[in-house]
Amino acid sequence: MAEAAVSVSILLVDDEARNLDVLESILGASEYSLVRAQTADDALLALLNGEFAAIVLDIRMPGTSGLELAQLIKQRKRSRDIPILFLTAHLSDEGDVLRGYGAGAVDYLTKPVNPDILRSKIAVFADLFRKTRALAAANEALENEIGERQKAEEALRQANEELEARVQKRTADL
């Protein structure tokens, strides 16, 4: 099980410290590294400095809203594929939901968060993250092996050419 060795970080973004405390208490007993951010700037800085399996993001934050932050996250090549779970105290209307999905949300959770549902969703994203990393490592190993085989093939081709040249020279000498 090499997949379990892959470190998994989850970015928690909420302007309220007590909400971050709740998220940490739900996910903290798990194998994840939890990174807190109380502003959009903190979240963007964390994304520059780390690699995350998922982002749990509050929709309503002062300054840059969760929707705006999600759009910024999805614009960056390095972070565009990170799944975003939006947290909201209430879903206002279908328009808000559609804007959220359009901004990159993969799901919504309402506050207060059901701990089992949050843990279950994060576990799926963490597993997907691990499998993606394991697949990337396997692909890299295969590419390295292909390169080594191509070098060996080229060396064998050159050895065959040299041997054939020697045989032709010897034949001509006889």
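In the predicted model, helix α2 (residues 40-49) packs against helix α3 (residues 66-75) at an angle of about 20 degrees, and their axes are 11 Å apart. Because angles under 35 degrees count as roughly parallel, α2 is described as roughly parallel to α3. The crossing of these two helices is right-handed. On the α2 side the contact is made by A40, A43, L44 and L47, and α3 contributes L69, L72 and I73. Classified by residue type, the contact of α2 with α3 has seven nonpolar residues, no polar residues and no charged residues.

A second helix pair is formed by α1 (residues 17-27) and α5 (residues 115-173), whose axes come within 9 Å and cross at roughly 70 degrees. Since the range from 65 to 115 degrees counts as roughly perpendicular, α1 is assigned as roughly perpendicular to α5. The crossing of α1 with α5 is right-handed. In this contact, L23, I26 and L27 of α1 meet P115, L118, R119 and I122 of α5. By class, the contact of α1 with α5 has six nonpolar residues, no polar residues and one charged residue; the charged residue is R119 of α5.

With respect to aromatic rings, the count comes to one aromatic pair. The pair is formed by F86 and Y108, with the ring centres 5.6 Å apart and 40 degrees between the planes. Planes under 30 degrees apart would count as stacked and planes over 60 degrees apart as edge-to-face, so the F86 and Y108 pair is classed as tilted. F86 lies in strand β4 (residues 84-88), whereas Y108 lies in strand β5 (residues 105-110). The pair therefore ties together parts that are 22 residues apart in sequence. Both rings belong to residues assigned as buried, for which the cut-off is under 20% relative accessible area. F86 counts as buried because its relative accessibility is 0%, and Y108 counts as buried because its relative accessibility is 10%.

Helix α4 (residues 94-102) includes G102. With a relative accessible area of 69%, G102 is exposed, as the class requires a value over 50%. The C-alpha atoms of G102 and Q71 are 8.4 Å apart in space, and the two residues are 31 residues apart in sequence. Q71 falls within the range of helix α3 (residues 66-75), the helix that packs against α2.

Note on methods: Residues are numbered from 1 along each chain as its sequence is written. This is a predicted model: local features need pLDDT of at least 70, side-chain atom pairs count only at pLDDT 80 or more; totals for chains, interfaces and linings use all residues. Side-chain values use heavy atoms; hydrogens and water are left out. Axes are lines fitted to C-alpha atoms, for helices over the stretch in contact, and angles run from 0 to 180 degrees between N-to-C directions. Helices (H or I, at least four residues) and strands (E, at least two) are DSSP runs, numbered from the N terminus. Angles under 35 degrees count as roughly parallel, over 145 as roughly antiparallel, 65 to 115 as roughly perpendicular and the rest as oblique. A crossing is left-handed if the near helix is turned anticlockwise from the far one by less than a right angle, and right-handed if clockwise. Contact means heavy atoms within 4.5 Å. Rings of Phe, Tyr and Trp (its six-membered ring) pair if their centres lie within 6.5 Å; planes under 30 degrees apart count as stacked, over 60 as edge-to-face and the rest as tilted. Buried means under 20% relative accessible area, exposed over 50%, partly exposed in between (1.4 Å probe, protein chains only).
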